[in-house]
Amino acid sequence: MIGALRREPGRAVEVCAGGPVEGAEPYGEDLQLALYLCYELHYRGLDGVDAAWEWDPELLRLRGALEERFLGALRTDAPTHETPAEALDALLVEPVNGTGLSFYLRDEGELWHLREYAALRSLYHLKEADPHAWAIPRLSGRAKAGLVAVEYDEFGAGRAERAHARLYAELMADLGLNPAYGRYLEEAGTAEALCTVNLMSMLGLHRVLRGGLVGHFAALETMSSPGSRRMAQALERAGAGEAAVGFHLEHVEADAVHEQLVRREVVGGLLEDEPWLARDVAFGVDATVWLEDRFAEAVRGAWERGESALRRPLS
């Protein structure tokens, strides 16, 4: 893919030397990295790549095949609830002895764990809220108003220095990491991490998947507040600075409010206007949770073996 994108647009894109896309591992590093590079053309682009590749018909044809493989696998593998309410209600139950990454980091995490986690999550947090903005022209009424209200907070409520992506960059700098956009793709671009980012890009770029994007949005906002509280505690215990702790404290309060707003206005408003999208919303919730659980299992498994969870350890 990288070799193809270094050439002039308008040529056939053949990147699957080992066989057709249909035979690729849908959650594998090769397919997910190729898909991530396709999607990045719709965000800030890639250094040395002609911007005309963004809408090149041959590249879109290939991207469509990659997406079909990924989406088809998700629809088969991710557990599904019948309704968005059932899917979201399942996220409201906090386990007493949780096994997720925020529990591990709060109770056992060391500074090197937190630095790795920050690098892994940078692929998402440095573009936080961007893909959900693609839903704005595709919604109306209560759903649009509610989404824009939450996005306004995500982008700093009119203050650039308070945008959540900017706050995350400050968290990274606080932990001694380079906060440049995309800096840790090589180290942190594991298959599991790329899956979580590619899901939101795929849902955001396709109008037909708008219900899934709303479900993705609702799932993240529902899970964020309690997890952010544990992350703030983990960073405090590890002696991290004010900026690192502050990013998560910001999400404890903000996302508790966002959760209610998204569920009542965005999800509720969308289903009032388009009730036939209910199963799509539930799929968006369930696919998000399933991929997040796969990511957490891979990261925690590496740490419990005493290994780095990255493709290449941080310097």
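Mentor: Let's start with a term: a pocket is an open set of grid points with protein on both sides within 12 Å along at least five of seven lines, and its lining residues have an atom within 4 Å of a point. Keep in mind that we're looking at a predicted model.

Trainee: Okay, how many residues line the largest pocket, and which lie nearest its centre?

Mentor: The general idea is that rolling a probe the size of a water molecule over the atoms shows where empty space is left. Here, the largest pocket has 49 lining residues, and S102, R121, M223, G227 and E292 are the ones nearest its centre. Two or more lining residues come from each of α5 (101–107), α6 (111–125), α11, α12 (210–238), α13 (242–273) and α14 (278–304). The space inside comes to about 1,200 Å³.

Trainee: What is the split of that lining into nonpolar, polar and charged residues?

Mentor: For the largest pocket, count 22 nonpolar, 15 polar and 12 charged.

Trainee: And how much space lies in the second largest pocket?

Mentor: About 420 Å³. The second largest pocket is lined by 14 residues, with E40, G45, L46, D47 and L185 nearest the centre. Elements giving two or more residues to that lining are α1 (2–5) and α2 (29–40), and α2 gives the most, with three. By type, the lining of the second largest pocket has eight nonpolar, two polar and four charged residues.

Trainee: Switching to cysteines, how many disulfides does the structure hold?

Mentor: A disulfide is a covalent bond between the sulfur atoms of two cysteines. This structure holds zero.

Trainee: Why is there no bond between C195 and C38?

Mentor: Because the sulfur of C195 is 15 Å from the closest cysteine sulfur, the one in C38, which is too far for a bond.

Trainee: Are those cysteines buried or exposed?

Mentor: C195 is buried, at a relative accessible area of 0%, and C38 is buried too, at 3%.

Trainee: Last one: where is T190 found?

Mentor: Look in the loop between α10 (185–188) and α11 (191–205).

Trainee: Why does T190 count as buried?

Mentor: The cut-off is under 20% relative accessible area, and T190 counts as buried because its value is 10%. Then check what surrounds T190: leaving aside neighbours within four places in sequence, T190 is in contact with E29, L120, A309, L310 and R311.

Trainee: How far is T190 from A240 in sequence and in space?

Mentor: They're 50 residues apart in sequence, and 25 Å apart in space, going C-alpha to C-alpha.

How values were computed:
Residues numbered from 1 in each chain as written. Predicted model: local features only at pLDDT ≥ 70, side-chain atom pairs only at ≥ 80, totals over all residues. Heavy atoms only, no water. Helix = DSSP H or I, 4+ residues; strand = E, 2+ residues; numbered from the N terminus. Buried < 20%, exposed > 50% of the residue type's maximum accessible area, 1.4 Å probe, protein only. Contact = heavy atoms within 4.5 Å. 1 Å grid on protein atoms, 1.4 Å probe; cavity = no way out; pocket = protein on both sides within 12 Å on 5 of 7 lines; lining within 4 Å. Points joined across faces, edges and corners; volume = space filled by probe spheres on them. Nonpolar A, V, L, I, M, F, W, Y, C, P; charged D, E, K, R; others polar. Disulfide = S-S within 2.5 Å.
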